[in-house]
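Here are some short exercises to work through with the structure open beside you. Try each task before you read its solution.

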Amino acid sequence: MKIQEKPDYLIFADSAKNGECANFPDISRGWGVTIDQTASKPPLEWMNGAFNRVDKNMMYLLQQGVPEWSETVIYPVNAIIKYNGVLYIAIVENDDAKPSTNTTKWKKIQADFFNALPAVKTTANGESAYEVNDLLQLLNEVDFNILPTLKKQNMIGNGVLSKNGYAQIPLFIAGKIQNIVIQWGEGNTDATGRARVTLPISNPNATLFAIAVERDAQAWFSSNSATTWGISAKDSTKSQITICTKGITSGQIVIGSYAYSYLTIGY
């Protein structure tokens, strides 16, 4: 079957004059009711009313996208409905089971992971849009079993903005939320050119990257000197890094205390 064209969203007999459209008298029986009431000849207002009803029901589905839950409907397994603005999927066949309270029959499928949608792209016409492939990739990575446990506050970053601070940025990676931790600070090495730095917070899993630079490189131009910096990987942990530096003045290595700034990335 071919893909159908977009409907015109018109409703049959929506502009009918007074008396030209009436509610069909017996929906369940259908046209058989005309045998009893109108000699098997349905009147104009019944015809208009019947087609008007069908179009309005279709328009409701087009507007809602997902139908609202009804206590009069029997829902099969995997049926999807909307209740109080939240989407649910039927775990078992059921009827008259309110989704918000019958957790053995319904399961939420709407959660705050949608805050982690891919970045919005800009089309040639200047309109905002998501790349379809990006959305599909996101859905492929989602573990739908964990969605009910996700909370909105888990998708909000936190940190401390100061000379020695950090930022925790939540990202939805491989079906779960993981915090990327960016940390920074400043200080001075000791007389041997080393500094054992305790990070503002301990990275939960590992420190992935660290870098240090001289904090006042402007002095290089006035003193004919410079410094070189490095991180001792073997001495770095989730909560600490070791910064090493050497000064160079007029071609000579000078060991001493120097001011630094550092940046780390962990998770």
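Two strands count as paired if DSSP finds at least two bridges between them. Keep in mind that this is a predicted model.

**Exercise 1.** In what order do the strands of the open three-stranded sheet lie, and which strands stand at its edges?

*Solution.*
- Step 1: Follow the pairing, which is antiparallel and gives the order β2-β3-β5.
- Step 2: Look at the ends of that order. β2 (80-83) and β5 (106-108) each have a single partner strand, so one side of each has no neighbour in the sheet.
- Step 3: Check the angle. Ignoring direction, neighbouring strands here are turned by 40 degrees against each other on average.

**Exercise 2.** How many bridges join β2 to β3?

*Solution.*
- Step 1: Find β3 at residues 86-90; β2 and β3 run antiparallel.
- Step 2: Count the bridges between these two strands, and you get four.
- Step 3: Pick one example: Ile80 has Ile89 of β3 as its bridge partner.

**Exercise 3.** Which residues form the largest nonpolar core, and which strands each supply at least two of them?

*Solution.*
- Step 1: List the ten residues: Ala195, Val197, Leu199, Ala212, Trp229, Ile241, Ile243, Tyr258, Tyr260 and Tyr262.
- Step 2: Match them to strands. At least two core residues come from each of β11 (194-198), β14 (240-249) and β16 (259-266).
- Step 3: Look elsewhere for another core, which lies apart from this one and has nine residues, including Trp69 and Ile81.

**Exercise 4.** How many aromatic pairs does the whole structure hold?

*Solution.*
- Step 1: Searching the whole structure gives seven aromatic pairs.
- Step 2: Now trace a cluster: ring pairs link Phe24, Trp31 and Trp46.

Key:
Residues are numbered from 1 along each chain as its sequence is written. This is a predicted model: local features need pLDDT of at least 70, side-chain atom pairs count only at pLDDT 80 or more; totals for chains, interfaces and linings use all residues. Side-chain values use heavy atoms; hydrogens and water are left out. A nonpolar core is a set of buried Ala, Val, Leu, Ile, Met, Phe, Trp, Tyr and Cys residues joined through side-chain atoms within 4.5 Å. Buried means under 20% relative accessible area, exposed over 50%, partly exposed in between (1.4 Å probe, protein chains only). Axes are lines fitted to C-alpha atoms, for helices over the stretch in contact, and angles run from 0 to 180 degrees between N-to-C directions. Rings of Phe, Tyr and Trp (its six-membered ring) pair if their centres lie within 6.5 Å; planes under 30 degrees apart count as stacked, over 60 as edge-to-face and the rest as tilted.
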